[in-house]
Amino acid sequence: MIFVTGGAGFIGSNFILDYLVPGRDERLLNIDKLTYAGNPYNLAGIANDSRYLFSQTDICDETAIAALFAQHRPRAILHFAAESHVDRSIASPDEFIRTNVNGTFNLLEAARRYWNALQGEERDAFRFLHVSTDEVYGTLGPQDAPFSETTPYAPNSPYSASKAASDHLVRAYHHTYGLPTLTTNCSNNYGPYHFPEKLIPLVISNAVEGKPLPIYGDGMQVRDWLYVGDHCTAIREVLAKGKPGETYNIGGWNEKPNLEVVHTLCDILDQLKPKAAGSYRDQITFVKDRPGHDRRYAIDARKIERELGWKPVETFESGIRKTVEWYLANPQWVANVRSGGYLTWIEQQYGAQ
Ligand code: NAD
């Protein structure tokens, strides 16, 4: 049995769908509070798979988390659950501190008590894998070397500060108690099931609905982009082969300014779903920049490539085309999320929230 926290979110649900391939003989418990970002509709296709279990639980709930460890005795916990949207962290940071810092602390404490009571092979094999972000390293100048695992932390937003705090707690639990932890710091993901408040799904959805495509500032903020399926493969590799106590940077070697990403999306949409007149680029609107907006992130992924043999399968071009195709093929998913319709589905499945 493995635990996945935040498995109803964007990356967590992609991870679960990729993990539960036919023939894999292991059960998985998804622990998710189902915040606005949690959408179990993503996992409707495996709802009846006997290997898949779901618990609607807040990771901050000490009693409930301890009970889940005692009942299911996992061999590993993969911790994706977080408040993840930078703009929301600027508007109201409280929930970011609660979930990302206190929630991670609570999981670490529960895992430490559980692991302390294990013996022999079970104890040696246990892993706490913490999924984090490259945003903890702060911002780079145009000529700076990409972030490596030894780059000093310099988080600039309440989101990245809360993730940095959680990374430090994970590090300390290994250093102080010997808990077999693994930390991954990944660049920006894109792909199916991405909540349309984030740049790529927002642009695709707004474009086809004829709405403005908002770009912060001059649109020259550079991000490294990784297809979500490649992130999920990397996490599986780290779980299987990563060395306890280590951190691994994960990235796609795909540095792109936001404006270029949006232009690429518009160009693919122009080919796949041409407008009656003009281009989707005509809908681009520049808006006031986000306060404290980091200028550039770039990831040096050589450690995971060298030590664990991981490499992304998708190029930016292939991954972004696949992503646009997925959104065009799944208008019902987008409509459900954008209308809040999936909340009705949750209510039917799990009762009123
Ligand atoms: P997301 O916002 O799509 O999903 C987060 C999930 O966590 C949701 O299902 C939500 O319901 C759940 N959750 C939130 N608070 C909870 C709580 N208190 N208890 C239990 N569940 C709770 O996020 P995502 O984009 O899938 O990111 C997953 C992880 O990966 C995060 O830790 C994030 O920091 C990290 N990460 C994301 C990216 C990216 O580009 N999206 C890149 C690098 C790292």
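## Two loops with a positive phi

Tyr193 sits in the loop between β7 and α7. In this predicted model, Tyr193 has a phi near 65°, a positive value in a residue that isn't glycine. That's worth a second look, because most residues other than glycine have a negative phi. Is Tyr193 buried or exposed? Tyr193 counts as buried, because 22 C-beta neighbours fall inside 10 Å and the cut-off for buried is 20 or more.

Arg73 is another case, with a positive phi near 50°. Its loop runs between α2 (62-72) and β4 (76-79). Arg73 is exposed, since just 12 other C-beta atoms lie within 10 Å and 12 or fewer is the cut-off for that label.

## Helix α7 and what it packs against

Carry on along the chain from the loop that holds Tyr193 and you reach α7. This helix covers residues 199-208, and its buried residues are Leu199, Ile200, Pro201, Val203, Ile204 and Ala207. What do they pack against? The partners are β7, β8 (213-216), α9 and α11 (316-329). After the helix comes Gly210, which has a positive phi near 75°.

Ala207 also makes a handy reference point for Lys275. The two are 68 residues apart along the chain, yet their C-alpha atoms are separated by 9.9 Å. You'll find Lys275 in the loop between α9 (258-272) and β12 (284-287). Lys275 is partly exposed, because its count of other C-beta atoms within 10 Å is 15, and that falls between the limits of 12 and 20.

## The nonpolar core

The largest nonpolar core has 76 residues. Which of them have the most contacts inside it? Those are Ala111 and Leu265.

Let's follow Leu265. Setting aside neighbours within four places in sequence, Leu265 is in contact with Ile200, Val203, Ile204, Ala207, Ile320 and Val324. Some of these names should look familiar: Ile200, Val203, Ile204 and Ala207 are among the buried residues of α7.

## A look at strand β3

Leu53 belongs to strand β3 (residues 52-55). Leu53 counts as partly exposed, because it has 15 C-beta neighbours inside 10 Å and the label applies between 12 and 20. Not counting residues up to four places away in sequence, Leu53 touches Arg27, Leu29 and Asn30.

Where does Ser157 lie relative to Leu53? The two are 104 residues apart in sequence, and 34 Å separates them from C-alpha to C-alpha.

## Around the ligand

There are 31 residues around the ligand, and those that come nearest are Gly6, Gly9, Lys33, Gly38 and Ala82. The elements giving two or more residues to this shell are α1 (10-19), α4 (94-116), β5 (127-133) and β7 (188-190). So what is the shell made of, by class? It has 13 nonpolar, 13 polar and five charged residues.

## The annotated domain and the confidence scores

An unreviewed UniProt entry places a feature called "domain: NAD(P)-binding" at residues 3-323. Over that stretch, the chain is 40% helix and 16% strand. The C-alpha atoms at the two ends are 27 Å apart.

As for confidence, the mean pLDDT of the protein is 95, and 97% of its residues reach 70 or more. The model scores are ipTM 0.99 and pTM 0.96. One reading tip: where pLDDT is low, the predicted coordinates shouldn't be read in detail.

Technical notes: Residues are numbered from 1 along each chain as its sequence is written. This is a predicted model: local features need pLDDT of at least 70, side-chain atom pairs count only at pLDDT 80 or more; totals for chains, interfaces and linings use all residues. A residue is near a molecule or strand if its C-beta atom, placed from the backbone, lies within 6 Å of it. Helices (H or I, at least four residues) and strands (E, at least two) are DSSP runs, numbered from the N terminus. Ala, Val, Leu, Ile, Met, Phe, Trp, Tyr, Cys and Pro count as nonpolar, Asp, Glu, Lys and Arg as charged, and the others, Gly among them, as polar. pLDDT is the predictor's confidence in each residue, from 0 to 100. A nonpolar core is a set of buried Ala, Val, Leu, Ile, Met, Phe, Trp, Tyr and Cys residues joined through C-beta atoms within 7 Å. Two residues are in contact if their C-beta atoms, placed from the backbone, lie within 7 Å. UniProt positions are given in the numbering used here, feature names are shortened, and annotations may be inferred rather than shown by experiment.
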